[in-house]
Amino acid sequence: MTSKIINMAEKIKDAEDRILESMFDSAPIADDGFSAKIVGKIRRRLWLRRLALPVAALIGGAIAIKPLAGLVTAAVRLSSLLPQELLTATTSPLPQAPMIVLGAMLLAACLLGLRALDDSRWTALRRLERARHYRRDVPCQRTGSAR
Amino acid sequence: MKNAEDHQLVARALSAQDTAAFGELVRRHQSQVRNFLRKLTRDVAEADDLSQDCFMHAWDKLQTFSGRGSFIGWLLKVAYTTFLQSKRKSKRYSEILEQVGHKMETEGQSYSVQSDEVTDLDKLLAVLDDEERAIMIMSYACGLSHREISDATSMPVGTVKSVIFRGKQKIRTSFDIKDHQHG
């Protein structure tokens, strides 16, 4: 009831309001490719985002391949130099255990992060859906230039 | 696509990153956003640049649109924030220039008209400060309700009403706006 009274009071315009409205009034601006420019920019940005990860991985791989190959050959050489008892000791499961735990924790964190990203988008959609139901239930009070 | 409601288009743009749906939203509301920023800055080129930034920000922050108010109200909020950010940036830039010994040509002018022709509206807007100008434009040019302006500017409805009242008083003391009606 109170909100209806407030809305009605807002709609009552005096002569001064009408003059101000006519002074502020202006012709609509033609699109002239403005929206196409925005959409083009957004599409370019989306493509860049999609390409960024594979390109970064490719560049990183290209940079890392040489030192990685050197590391592998050094490891092979080292293993041939080390005594047999030492090599069997390193293959025991105990030293790898912290690495496995760390890897599992990292994987879980990644999965949780991806889930959270997906959830935020769906939460926004659900909120929109709820708002649409709300708007359907409550008749809209807006009448163009309501004040 | 052309018959779809704004809320449906937002949902499409959000769910499938549908740029065509967002493009339709831009096409529908570009005139109001550009008009709002042109009146706020009184510089067509600057206003159009800000409008582009505004729509890019709107795309990035589309998930923050709750759907409770109108889409244009939310869009004008983004436009106003973009305007304030750009103003802050240019102020910082002029401060840096001052520090290195340069003086900005527009120094001291909070509101300058870039075109040669000074209209009645320009004179009218020149007596208002940024906040009053934005709220008066939202109210009289864009037809937003006090509630929508309150959402757009993050101000209480009472403050919006008092800013409009103050703006009208300033205009009344500077101009006889009844003259405009007859002449």
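Trainee: What makes the crossing of α3(A) and α2(B) right-handed?

Mentor: It comes down to the sense of turn: a crossing is right-handed if the near helix is turned clockwise from the far one. In this predicted model, α3(A) passes α2(B) in just that right-handed way.

Trainee: And at what angle do the axes of the two helices cross?

Mentor: At roughly 145 degrees, with the axes coming within 9 Å. The helix on the chain A side, α3, covers residues 34-81.

Trainee: How do you know that α3(A) and α2(B) meet, and which residues do it?

Mentor: Two residues are in contact if their C-beta atoms lie within 7 Å. From α3(A) that brings in F34(A), S35(A), I38(A), V39(A), I42(A) and R43(A). Facing them in α2(B) are T19(B), F22(B), G23(B), V26(B), R27(B) and Q30(B). Sort this contact by class and you get 6 nonpolar, 4 polar and 2 charged residues.

Trainee: Zooming out, how many residues does each chain give to the contact?

Mentor: Chain B gives 38 and chain A gives 33. On chain B's side, the largest share is from α2(B), with 9 residues. By class, that side of chain B has 14 nonpolar, 19 polar and 5 charged residues.

Trainee: What about chain A on its own: which elements does it have?

Mentor: Helices: 5 of them, with 0 strands. Read from the N terminus, they go α-α-α-α-α. Of its 147 residues, 5% count as buried.

Trainee: Let's do single residues. Why is Q17(B) called partly exposed?

Mentor: Count its neighbours: 15 other C-beta atoms lie within 10 Å of Q17(B). Buried needs 20 or more and exposed needs 12 or fewer, so with 15 Q17(B) lands in between and is partly exposed. You'll find Q17(B) in the loop between α1 and α2 of chain B.

Trainee: And S154(B), why does that one count as exposed?

Mentor: Same test, other result: S154(B) has 9 C-beta neighbours inside 10 Å. The cut-off for exposed is 12 or fewer, so S154(B) makes it with 9. S154(B) is in a loop too, between α7 (146-153) and α8 (157-174) of chain B.

Trainee: What makes the phi of Q17(B) worth a look?

Mentor: Most residues other than glycine have a negative phi. Q17(B) isn't glycine, yet its phi is positive, near 50 degrees. S154(B) isn't a glycine either, and has a positive phi of about 55 degrees.

Notes: Residues numbered from 1 in each chain as written. Chains lettered and ligands numbered in written order. Predicted model: local features only at pLDDT ≥ 70, side-chain atom pairs only at ≥ 80, totals over all residues. Helix = DSSP H or I, 4+ residues; strand = E, 2+ residues; numbered from the N terminus. Nonpolar A, V, L, I, M, F, W, Y, C, P; charged D, E, K, R; others polar. Axes fitted to C-alpha atoms, helices over the stretch in contact; angles between N-to-C directions.
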